[in-house]
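Okay, thanks everyone for squeezing in. Let me put the structure up and walk you through it.

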Amino acid sequence: MRGEGERAGSMGALYLSNIQQFYERPANNDDEPDVMTAVLGPKPPAKGVQEVEDFVPRIVARGGPVVVLNDEAHHTHEEDSEWNKCIRRIHGSVSHGLAAQLDFSATPRHTKGQLFSWTVFDYPLKQAIIDNVVKRPLKGIAKGIAEQRSEVASTRYQAYLTAGVERWKEYRDGLAPLGKKPVLFVMMNDTTEADDVGDWLRTKYPSEFGEKRLLIIHTDKSGEVSKKDLDQAREAAREVDTEASPINCIVSVVMLREGWDVQNVTVIVGLRPYSAKANILPEQTVGRGLRLMFRNENHGYVERVDVIGNKKFIEFVEQLEREEDVTLDTFEVGKDKVVILTIQPDETKLDKDIALPELSPILVRKKTLAEEIAGLDVSQFRCPVLPRKEDDKDAQKFRYEGYDLLTLKKIIDRDYTIPAPQTAEEVIGYYARRIAQEVKLPSQFAALVPKVREFLETKAFGGRVDLSSTEMVKAISSKVAQYVTVKTFVTELRKIVVEELIPQLLNAGRKLSETPRFPWSRPTCASKKCVFNLVPCDNQFEKEFANFLDKADDVVRFAKLPEPFHFVIEYTDSVGNLRYYEPDFVAVTTDGVHHLIETKGMEDVNVANKDRAAQLWCENATLLTSTPWAYIKVRQADFYSLQPTEFSDLVALGSLP
């Protein structure tokens, strides 16, 4: 960070800064007469001002190679920008220049919508929506409302503002049980209109947007946040999602590009013309509300952000649909209501509560394997004997073709030869890094190097070889040698990377009624035997199975184990990695047995590993709590074929292969 020292002898340094700190600043133009300076001496620095060493001399002194990582990089196409001036200055100052500049931006496009020609990878909005890493935009269709003929913004756009506020109220009421506060975001054409609309909202809705409950952010002549509002805008972006923040609505002219990480925007009202001249992209507009409100909390709920606006604004959103090849869902303004389904424990059904014991993990991943690696006996490794020959010479060559990004004309066509390793150390070091990466223990590189050397020197080729010879350097560099070496070590290390422990009882019973409330968008069903108000199901089969449990006479109580309850069982997958498994249901039958139940449609290679882990958990839980626990897997095809009416009928499934 700026003002901090560097560690002596470090091999590298990370400089975290913003571009403004790299700007060249004019020398202090002191107009004090020379004769006065001669008498009084140099003028002392201003009180409270501390000189901080510039980063550039430190970077230059450290030397290359230097890589620049640039966030919010949509401005880099402006050749005359201060950013590019600074980068060119650093490039010219560092020995051998900059090695690379990697730009990251949510909007890598020119103002007319084309992707930057230098874009290496684009993660489109459509894919982000499918992957559920952003909210799903919902386009509001306004029927029967239009702009009024008035020069006063609050009068001209009154219908759209009212629609936005009413929609925001629906979100407020729907999110209240979940402890979340929605934010209304209104974008206007200029600061005069923003002030007018802000005053109208404060007057019309004093309890919702009065006083500090509404924030207006102004812009200067260049279209950026004015300096007097900048600190307030940054603070709002940081704190508006917190319970302490009173802000329910933000009215602004610009997109608040810098530092925007607001998650609680649920309604965007756009009331300004959008054009290439305005230097605004559709992604920047809709992007104000895309960040997830329930980030990393719940995968069963589809979050949405509503987009409402006049005709020009909706046309702008439709441009985004065309560019991203995505069709947004719609709602009719004033007709289709917001419905947020909240799953929560039902106070009237606490007699259906189920407590699950909390056991200490029986499998843990070792943080270091230095001693175990040192103790490996490579002579006992099972592997084929490697041939003492080098790779095919044709495999060491490749052809490079270079094309102009704009014309797609081929301008370079050359053949290259990959330089062969000169020493065994190069190859051994590379293999050790690959092995450490495969077993996810990069810190074990130093421990692996001598063992890889021992393996290649004494085992891999059927006997002891001289790795310093040119012939053997070529032999250990072959693709076959790489494959066998890495695979053999990974196989052996995965046997020891996970440690088995004796389970301990940490909590005799954690109740399902302790689960916090959470939203849900997938199928549900009502049940008199479940402690929750509704049974949250991931698919239709789970819903049918929940209805079966509710009707079965020998089931006293049951529940779908929700993700926010955080009940997991550790297991090792088919290649030895430590993973965590979440069973589907828990049920208690009339004989007092507690059952963990897994409903299964399609099965993958790890299902058998999960089954063993769940069975072992039930055995340990039974021993440690004296409450009988049992595990059962219910395959979808078997369930439909059996058509059980009681839980005891499922016993037949336990004998099926």
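I'll go through the sheet, then the helices on it, then one serine and one more helix.

Just so we're all clear, this is a predicted model.

So, the sheet. It's an open one with seven strands, in the order S5-S6-S4-S7-S8-S3-S9, and the pairing is parallel. At the edges you've got S5, residues 214-217, and S9, residues 329-332, each pairing on one side only. On average, neighbouring strands are turned by 20° against each other, ignoring direction.

Zoom in on S4, residues 183-187: S4 pairs with S6 in the parallel sense, over four bridges. Right there, leucine 184 sits opposite cysteine 249 of S6.

Now the helices. H7, residues 191-204, packs on the sheet and touches S4, S5 and S6. The direction of H7 makes about 175° with that of S5. Then there's H11, residues 311-324, lying across S3, S4, S7 and S8. H11 runs at about 135° to S8.

Next, where is serine 245? You'll find serine 245 in the loop between H9 (227-239) and S6 (249-252). And is serine 245 buried or exposed? Its relative accessible area is 11%, under the 20% cut-off, so serine 245 counts as buried. Leaving out residues up to four places away in sequence, serine 245 touches Lys181, Glu239 and Val240.

Last one: H6, residues 158-175. H6 has 18 residues and reaches 26 Å from first C-alpha to last, close to the 26 Å expected at 1.5 Å a residue. The buried residues of H6 include Tyr160, Trp168 and Tyr171, and also Arg167, Lys169 and Glu170.

That's my tour, over to you.

Technical notes: Residues are numbered from 1 along each chain as its sequence is written. This is a predicted model: local features need pLDDT of at least 70, side-chain atom pairs count only at pLDDT 80 or more; totals for chains, interfaces and linings use all residues. Side-chain values use heavy atoms; hydrogens and water are left out. Helices (H or I, at least four residues) and strands (E, at least two) are DSSP runs, numbered from the N terminus. The expected span of a helix is 1.5 Å times one less than its number of residues. Buried means under 20% relative accessible area, exposed over 50%, partly exposed in between (1.4 Å probe, protein chains only). Contact means heavy atoms within 4.5 Å. Two strands pair if DSSP finds at least two bridges between them. Axes are lines fitted to C-alpha atoms, for helices over the stretch in contact, and angles run from 0 to 180 degrees between N-to-C directions.
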